[in-house]
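Open the model in your viewer and keep the selection panel at hand. The stops below go from the chain interface to the domains and then to the backbone.

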2 protein chains.
Amino acid sequence: MGLKSYPSITSIPVDIDLALVVVPSSIVPKVLEECVSKNVKGVVVITAGFREAELKDGVYLQEVIRSIADRAGVKIIGPNTFGIVNLDVGLNASFTPELSKLKKGNISLIGQSGGVCHLVAYMSTIYGLGFSKIVGLGNRCNVDFADIIDYLKDDANTRVIAIHVEGVDDARRLMEAAGQASRIKPIVAYKTGRSSIADKASKTHTGSLAGNYQLYEAAFRQVGVLAVRDVEDFFDAMKALSICPIPKGNNVAIITGQAGLGIIAADACYDYGLNLAKLSEETYSTILKLLPPLSIRENPIDMGPSWSDLEKCRSIVESVISDESIHALTLCFTYTSASSNIVLELASVLKNWASIKPVTACIPAPYGYWIKEREILESHGVATYPTPSRAVKALSFLVTYRKLKAQTISKR
Amino acid sequence: MGLKSYPSITSIPVDIDLALVVVPSSIVPKVLEECVSKNVKGVVVITAGFREAELKDGVYLQEVIRSIADRAGVKIIGPNTFGIVNLDVGLNASFTPELSKLKKGNISLIGQSGGVCHLVAYMSTIYGLGFSKIVGLGNRCNVDFADIIDYLKDDANTRVIAIHVEGVDDARRLMEAAGQASRIKPIVAYKTGRSSIADKASKTHTGSLAGNYQLYEAAFRQVGVLAVRDVEDFFDAMKALSICPIPKGNNVAIITGQAGLGIIAADACYDYGLNLAKLSEETYSTILKLLPPLSIRENPIDMGPSWSDLEKCRSIVESVISDESIHALTLCFTYTSASSNIVLELASVLKNWASIKPVTACIPAPYGYWIKEREILESHGVATYPTPSRAVKALSFLVTYRKLKAQTISKR
């Protein structure tokens, strides 16, 4: 491939910061010894066949590489990992070249499963989301959740820490690190293997895990970590925390271009415990002036009949977002060729407001349409979602996070 | 635009099957009179400003056009609708040119809200789904749910009827029509305006709707209709019913390429009341032979370590799907450049099986990848979903539908 290669790491004439090891597991100890003698600072061991394997050899081999690394003070990511990605510096130390194309952003994801990391990363290429670092922990030989969380809590490029947990040996250490970091930045956690059947699947003691999950969830809450129960919630919550400010309360306004979407959003407010806000007298009278009696002029506000009048749409959104009784906003509008410029128009209205009050949006469009528009909307602080329900649910994660912070702060 | 135009419908020299009316509401009665005198068979009135408007005029105008149409035996779709699409004959009688690009399929969608119809249609361009007809009912002047359901129950191109309901005047007539149709083909219903706050939003009597929703749901169940509570569930259920057979039971097998996705799927089995099946002795011993001890070799089965060996992957899937104790299968595998041909390989294995047992899949890939592969997989009867949880939940809709059918048949 035109890349220079060497017979061993010791024969390389320059200093090495990071080594990626992908040789068969039986040779990994030898390669690690060479890394130590070459003063390599960090090692990513992609090779599988260590503690996760049913063979006795695997457990033994992992102990061997751990002791080599620990003796020399070298940190190992893995073994049995897809690797790590650091988009801040353009580093892709993983087996997946496609991860180099991810958008740079402020979320750092620590995943115990490579599959879950890839799922989340690929979702981000479809629904838009930027990452700072993605770390596949693998077998956590001598680098565990707590170590990475400690590092990320002071990392200026990381605004949100997202962790995917399957099972840990030292839950206390994880919770302590998370508790420290959550004072500084939001942490969202997704623990899989919730049920006893999934428990059986992950080969831990049958029947004990459903209870264990409750413990994880309670512990996360106690240390100020937002716990979610599905991978879409994980993604949606990290997106909201990455882009939006935390709301001052749970009074939500819904502005829609199509009444049907507004009603879905209102159903979602009910489902997720949010309050469909009463508009102030002033806002209400403004809306009455701007909208014809064809439409729903309370909350949710259906600006559908005024689509074609961008100036009116601006004014409606402006009057609602500046209403002091409103803590958060969800915007829904469906693509039509006649109104394709509405997203950019509203993005400019929300540019300043979305850093003060959280705004989520659902702007459904045919495949490939409104891609650039959605990116601009998100660069202005509006987090977009595929359905009105998920746009509202995302706000509910922010409201839950706000309560969580208030509780943990009052306890300190 | 190079299209021939006439000053009025009466001056057109040929017979007219269908007229689209988009003139201001006050002129609609006059145009309708002309349609009647021209013997037009059907009319779509896109114009708004009728019964849905707060103005008294609107209610009156709708009564006027209804009486003109009823006297002449003409059927009106609308008013206040985006229109209708019939993909079987390439007809797009709507205000949205993009709907012409939808994939032809076997689902017919009747929507009370244009916004919801567009949302579902646009979702189909992203997640893959084909339609036969989409009907925006609008104000249901003299064509209501029951009329369209009656028609679709005997329509050879419609395999699944999907209905979005906001509120109806004659719920009994809807339920009777649905009860007749559900003996012949599956109906999935999504009723919005579930909560009292959404109820307030849709301006019906405050507080009564939460109770009303329970009535709708119970009535749907009694007449054999599958009721869902969110637009993503609506979409996912219609997709499964459109592509998959109904399972004989609720024993689910999960085969995955990445253990993490398998564990998410196992969690979802627990959440949605499905049974993570025990493999037969024969299947289990086959799996033990095919997979190295690096992997989970029970259910969920992690064929990750054998990615590169397509022959092994084929054999694993074949042995599981042919296992008599398995009623349904969910497949999860994440895109990697090294394994990009796995989807086509497994599609060929499942080609015959997916018409006997339902198979759903989650095959996450970066934006734009695996588009053709997903289409081929779906053309072989495997319904794909964005996450493992939704792939499993889709199976649960099929299991629920099976129970529903069994109950309604035993009552008859």
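Start with chain A and chain B together. They bury about 5,700 Å² between them, and carbon and sulfur atoms carry 61% of it. Buried area here is the accessible area (1.4 Å probe) that two parts lose on being put together, summed over both.

Before going on, note the ground rules. This is a predicted model: local features need pLDDT of at least 70, side-chain atom pairs count only at pLDDT 80 or more, and totals for chains, interfaces and linings use all residues. Residues are numbered from 1 along each chain as its sequence is written, chains are lettered from A and ligands numbered from 1 in the order in which they are written, and side-chain values use heavy atoms, with hydrogens and water left out.

**Stop 1: the chain interface**

Select the contact residues on both sides. Chain A gives 69 residues and chain B gives 69; contact means heavy atoms within 4.5 Å.

Now show charged side chains. How many salt bridges are there between chain A and chain B? The count is 4, a salt bridge being a side-chain nitrogen of Lys or Arg within 4 Å of a carboxyl oxygen of Asp or Glu. Zoom in on A:Arg390 and B:Glu232, one such pair, whose closest N and O atoms are 2.7 Å apart.

Widen the search to polar contacts. Across the interface of chain A and chain B there are 19 residue pairs in polar contact, both residues at pLDDT 80 or more. The rule asks for a pair of N or O atoms within 3.5 Å; within protein, one must be able to donate a hydrogen and the other to accept it, and residues adjacent in sequence count only if both atoms are side-chain atoms.

Colour chain A by element. On its side touching chain B, α3 (114-127), α6 (196-201), α8 (231-243), α9 (259-271) and α14 (388-411) each supply at least two residues. Helices (H or I, at least four residues) and strands (E, at least two) are DSSP runs, numbered from the N terminus.

Recolour by class. That side of chain A has 36 nonpolar, 18 polar and 15 charged residues. Ala, Val, Leu, Ile, Met, Phe, Trp, Tyr, Cys and Pro count as nonpolar, Asp, Glu, Lys and Arg as charged, and the others, Gly among them, as polar.

**Stop 2: the symmetry**

Superpose the chains. A turn of 180 degrees and a shift of 0.0 Å along the axis lay chain A on chain B with an RMSD of 0.0 Å. This is the relation of a two-fold axis. The same surface serves both copies, as 100% of the contact residues of chain A recur in chain B. The fit is by least squares on the C-alpha atoms of residues with pLDDT of at least 70 in both.

**Stop 3: domains of chain A**

Select domain 1 (9-77), domain 2 (83-243) and domain 3 (251-405) of chain A. These bounds come from an automatic or database domain assignment.

Keep domains 1 and 2 of chain A. Their centres, over C-alpha atoms, are 24 Å apart. The contact takes 17 residues from domain 1 and 16 residues from domain 2. About 1,300 Å² is buried between them, 57% of it from carbon and sulfur atoms.

Pick A:Asp169 and A:Arg51: they form a salt bridge, with the closest N and O atoms 3.7 Å apart.

**Stop 4: the backbone**

Select A:Gly78 and A:Pro79. A cis peptide bond joins them, with omega about 0 degrees. A:Pro79 lies in the loop between β3 and β4 (83-86) of chain A.

Finish at B:Asn39. Its phi is positive, near 60 degrees, in a residue other than glycine. B:Asn39 sits in the loop between α1 (28-37) and β2 (42-45) of chain B.
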